[in-house]
Amino acid sequence: MPAQPPLGPVDSSKVPRFAGFATFARLPRIDQVTRADVAVVGVPFDSGVSYRPGARFGPAALREASRLLRPYHPELDISPFAAAQVVDAGDIAVNPFHIGKAIDTLQAEAEALSSDGTKLVAVGGDHTIALPLLRVAASNHGPVALLHFDAHLDTWDTYFGEPYTHGTPFRRAVEEGILDTSAVCHVGTRGPLYGQHDLAEDRRLGFGIVTSGDVMRRGVTETVDALRQRIGDRPLYISVDIDVLDPAHAPGTGTPEAGGMTSRELLEILRGLAGTNLIGADVVELAPAYDHAEITAIAASHVAYDLVSLLALGVKQ
């Protein structure tokens, strides 16, 4: 028998975009299909933040902003929801009072969701969630390459003596051996640090750095070429902190830094990664209480759409 075609989004010519269930891009829920190639899953957790809270409401805001997404991606020349079965897997309910328990729950739930080969795009939530997601990716693929889009390094050791926060996930990931340290890079970093030792420690962990200033000076094409050369054909995980964007493009986040990338630069860099071996991704740190007219939520929803589209390209190929 021929394979069942993917169940796609609600038809906006029959149900207005502002009506109906607020799943990501109006896609079917995971319980409405028998299989899923790609699942968008929310992680409403922000107990690991060091400054402004509120990212626990990010998944709901991103879904609401995604209502206007359409089914064909012209830049990548793909209809991602026709090329792959993409679903909304709802939210993973994690403990808001205990970071360790929240990490354990997220890891277990992500393992269950991906056990049949489903690729995950997690929407947060603060950046603490990247660590358990990377653990799951590495358990399925071995140590993974990482492109980390962020204003900050997130390789600090502790905050207030705590090893698991939104500023520490990638140091823990290196220590646990779940990253391929020959193929890890920050993109879009900027702003003041605690001292030169932050950069020295980051280099020691194996990270390359492409600052937001580098992107501005080199341009998108040269930046993409450098990133592709670094990651090669390794299994790739992409983690996007929405504060990689300038506050003019993403005010709704917990730790904004001036001088960031534009939303156009970020999306064009992601599109330039078509054909890489992408195996999972996240979009984090959307804090809608600080947003204006859904500026940040709209940007984050488009980032998630591009990540889903990249994964759908892999399914199609």
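# Briefing: aromatic pairs, a parallel sheet and its helices

A search through the whole structure turns up three aromatic pairs. Keep in mind that this is a predicted model. Beyond the rings, there's an open sheet of eight strands with parallel pairing, plus helices that pack on the sheet, H9 among them. Here's the rundown by topic.

**The aromatic cluster**

- Trp156, Tyr159 and Tyr194 come together as one aromatic cluster.
- A pair of aromatic rings is described by how far apart the centres are and by the angle of the planes.
- Trp156 and Tyr159 make a tilted pair, with 6.5 Å from centre to centre and 40° between the planes.
- Trp156 and Tyr194 have ring centres 6.0 Å apart and planes at 85°, so this pair is edge-to-face.
- The Trp156–Tyr194 pair ties together distant parts of the chain, 38 residues apart: Trp156 sits in the loop between S4 and helix H5 (169-175), and Tyr194 in the loop between S5 and helix H6 (196-205).
- How do the three residues differ in burial? Trp156 has a relative accessible area of 13%, so it counts as buried. Tyr159 is buried too, at 18% relative accessibility. Tyr194, on the other hand, is exposed, with a relative accessible area of 60%.

**The sheet**

- Reading across the open sheet, the strand order is S2-S1-S3-S8-S7-S4-S5-S6.
- At the edges you'll find strand S2 (86-91) and strand S6 (208-211), each of which pairs on one side only.
- On average, neighbouring strands are turned by 15° against each other, direction ignored.
- Strands in a sheet pair through backbone hydrogen bonds, in either a parallel or an antiparallel way.
- Strand S1 (residues 38-43) runs parallel to strand S3 (residues 119-124), and six bridges pair them. If you want a spot to look at, Gly42 has Val123 in S3 as its bridge partner.

**Strand S4, covered on both sides**

- S4 is mostly covered, and six of its six residues are buried.
- In a regular strand, side chains alternate between the two faces of the sheet.
- Which residues of S4 lie on each side? Val144, Leu146 and His148 are on one, Ala145, Leu147 and Phe149 are on the other, and all are buried.
- S4 and S5 run parallel and are joined by five bridges. Leu146, for instance, has Val184 in S5 as its bridge partner.

**Helices on the sheet**

- Helix H4 (residues 130-141) lies across S3, strand S4 (144-149), strand S5 (179-189), strand S7 (236-241) and strand S8 (278-284). The direction of H4 is at about 155° to S4.
- Helix H9 (residues 295-316) also packs on the sheet and touches S1, S2, S3, S7 and S8. Its direction makes about 175° with that of S8.

**Where H3 meets H4**

- The axes of helix H3 (residues 99-114) and H4 come within 8 Å and cross at roughly 40°.
- The crossing of H3 and H4 is right-handed.
- H3 brings Ile103, Leu106, Gln107, Ala110, Glu111 and Ser114 to the contact, while H4 brings Pro132, Leu133, Arg135, Val136 and Asn140.
- Sorted by class, the H3–H4 contact comes out as six nonpolar, three polar and two charged residues.

Terms used: Residues are numbered from 1 along each chain as its sequence is written. This is a predicted model: local features need pLDDT of at least 70, side-chain atom pairs count only at pLDDT 80 or more; totals for chains, interfaces and linings use all residues. Side-chain values use heavy atoms; hydrogens and water are left out. Two strands pair if DSSP finds at least two bridges between them. Helices (H or I, at least four residues) and strands (E, at least two) are DSSP runs, numbered from the N terminus. Axes are lines fitted to C-alpha atoms, for helices over the stretch in contact, and angles run from 0 to 180 degrees between N-to-C directions. Contact means heavy atoms within 4.5 Å. A crossing is left-handed if the near helix is turned anticlockwise from the far one by less than a right angle, and right-handed if clockwise. Ala, Val, Leu, Ile, Met, Phe, Trp, Tyr, Cys and Pro count as nonpolar, Asp, Glu, Lys and Arg as charged, and the others, Gly among them, as polar. Rings of Phe, Tyr and Trp (its six-membered ring) pair if their centres lie within 6.5 Å; planes under 30 degrees apart count as stacked, over 60 as edge-to-face and the rest as tilted. Buried means under 20% relative accessible area, exposed over 50%, partly exposed in between (1.4 Å probe, protein chains only).
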